[in-house]
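Trainee: I have a new model open and would like to learn how to read it. Could you walk me through it, feature by feature?

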Amino acid sequence: MPQPAPEPLRPIRRNEIRQQNEQLILQAAEKVFAEAGFGGATMQLIADVAGLPKANLHYYFTTKEELYRKVVSNIFDIWLHAAESMDNAPGPVEGIGAYIDAKMEISRRHPDGSKVWASEVMHGAPVIQDYLETTLRDWTAGRVALIQGWIDAGQMAAVNPDHLLYMLWAATQHYADFGHQIETLNGGPLTDRQWAEAKDSVKAMILRGIGAA
């Protein structure tokens with residue numbers, strides 16, 4: 001008796017192809033922008049790193065600035081997600097501790113995105129100044145209010161919330177932005193154990209410094 005013909009493989013839907021190509025382009029763009037900066041990067045170079053025709057880039061992202069802003073917004077969205085652990089915490093030990101853990105892990109897994117952000121800001125944010133004046137400013141105001149609430153409740157020392165945030169960003173993002181320096185001093189990339197030690201050390205120093213541990 002003849003066997004029934006196998007069902008044809010389900011074709012990949014158009015939106016799945018789009019998502020795959022966009023992710024490939026964004027990964028390549030993140031790397032190129034981190035190494036060459038906005039001015040030194042070209043759509044052709046990004047296409048070469050992504051292994052796609054240049055026309056594909058322009059299909060998904062019309063201009064280099066549009067692609068650059070997407071890379072910047074992606075890393076910021078990842079950082080925003082990391083802050084959710086702080087928003088829902090009962091106090092600074094849990095909230096700031098979890099935030100440090102999350103930010104350090106982002107520095108480990110997304111170093112190029114952090115470098116793109118740092119380079120942009122160090123050059124006066126010529127492309128994303130509007131982003132700093134809106135999204136980042138609003139987010140910071142919300143976290144300042146949260147920290148001030150912990151201070152008012154006597155859960156931590158009366159430090160300036162703005163400067164505490166600046167310290168948290170500097171301490172955690174250093175492991176991405178200055179990763180080459182750390183690897184050189186360490187004699188190679190940090191191991192899993194060394195990353196765990198780094199997280200514990202940063203948490204201990206900051207939480208003790210604000211009188212929360």
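**Reading the model step by step**

Mentor: Gladly! Let us begin with the surface: the chain exposes about 12100 Å², and carbon and sulfur atoms supply 55% of that area. Keep in mind that this is a predicted model.

Trainee: How many helices and how many strands does the secondary structure of the chain come to?

Mentor: A good habit is to count the elements and then read their order. Here there are 11 helices and 0 strands, and from the N terminus on the elements run α-α-α-α-α-α-α-α-α-α-α.

Trainee: What does the radius of gyration of the chain tell me, next to that of a compact globule?

Mentor: You set the value against what a compact globule with this number of residues would give. For 213 residues that would be near 17 Å, but the chain has 21 Å. You can add the box filled by the C-alpha atoms, roughly 75 × 55 × 40 Å along the principal axes.

Trainee: And what can I learn from the contacts in the chain?

Mentor: Look at how far apart the partners are in sequence. Of the contacts with a separation of 6 or more, 67% are between residues 24 or more positions apart.

Trainee: Which residues have the most contacts inside the largest nonpolar core?

Mentor: The general idea comes before the names: in soluble globular proteins, nonpolar side chains tend to be buried together. In this chain, buried residues make up 40% of the 213 residues. The largest nonpolar core has 58 residues, and Phe33, Leu67, Ile96 and Trp117 have the most contacts inside it. Helix H8 gives the most to this core, with 9 residues.

Trainee: What does Phe33 touch, leaving out residues up to four places away in sequence?

Mentor: Its partners are Phe38, Ala41, Ile46, Lys64, Leu67, Tyr68, Val71 and Val116. Leu67, which is on that list, is also one of the residues with the most contacts inside the core.

Trainee: Is Ser114 buried or exposed?

Mentor: The cut-off for buried is under 20% relative accessible area. Ser114 has 1%, so this residue is buried. Ser114 is in helix H7 and, beyond its sequence neighbours up to four places away, touches Ile75, Trp79, Gln173, Ala176 and Asp177.

Trainee: Why does Thr140 count as buried?

Mentor: Thr140 counts as buried because its relative accessibility is 11%. This residue lies in helix H8, residues 129–152. With residues up to four places away set aside, Thr140 touches Asp162, Leu165 and Trp169.

Trainee: What is special about phi of Ala125?

Mentor: When you scan backbone angles, watch for a positive phi outside glycine. Ala125 has one, near 50 degrees. The residue sits in the loop between helix H7 (111–122) and H8, and Ala125 counts as buried at 2% relative accessibility.

Trainee: How are Glu84 and Tyr99 separated?

Mentor: Here you compare two kinds of distance, along the chain and through space. Glu84 and Tyr99 are 15 residues apart along the chain, and their C-alpha atoms are separated by 8.1 Å. Glu84 is in helix H5, residues 84–87, and is partly exposed at 40% relative accessible area.

Trainee: Where is Gly209 found?

Mentor: Gly209 is in helix H11, residues 192–209, and counts as exposed at 57% relative accessibility. Its C-alpha atom is separated by 8.4 Å from that of Ala157, 52 residues apart along the chain.

Trainee: Finally, how far apart are the mean positions of the positive and negative charges?

Mentor: Average each set, then compare the two points. For the 19 positive and 26 negative charges of the chain, the mean positions are 4 Å apart.

Conventions
Residues numbered from 1 in each chain as written. Predicted model: local features only at pLDDT ≥ 70, side-chain atom pairs only at ≥ 80, totals over all residues. Heavy atoms only, no water. Helix = DSSP H or I, 4+ residues; strand = E, 2+ residues; numbered from the N terminus. Buried < 20%, exposed > 50% of the residue type's maximum accessible area, 1.4 Å probe, protein only. Contact = heavy atoms within 4.5 Å. Rg over C-alpha atoms; globule rule 2.2 N^0.38 Å. Areas by Shrake-Rupley, 256 points an atom, 1.4 Å probe, with all protein chains shown as cover. Lys, Arg positive; Asp, Glu negative; His and termini not counted. Charge placed at Lys NZ, Arg CZ, Asp CG, Glu CD. Core = buried A, V, L, I, M, F, W, Y, C linked by side-chain atoms within 4.5 Å.
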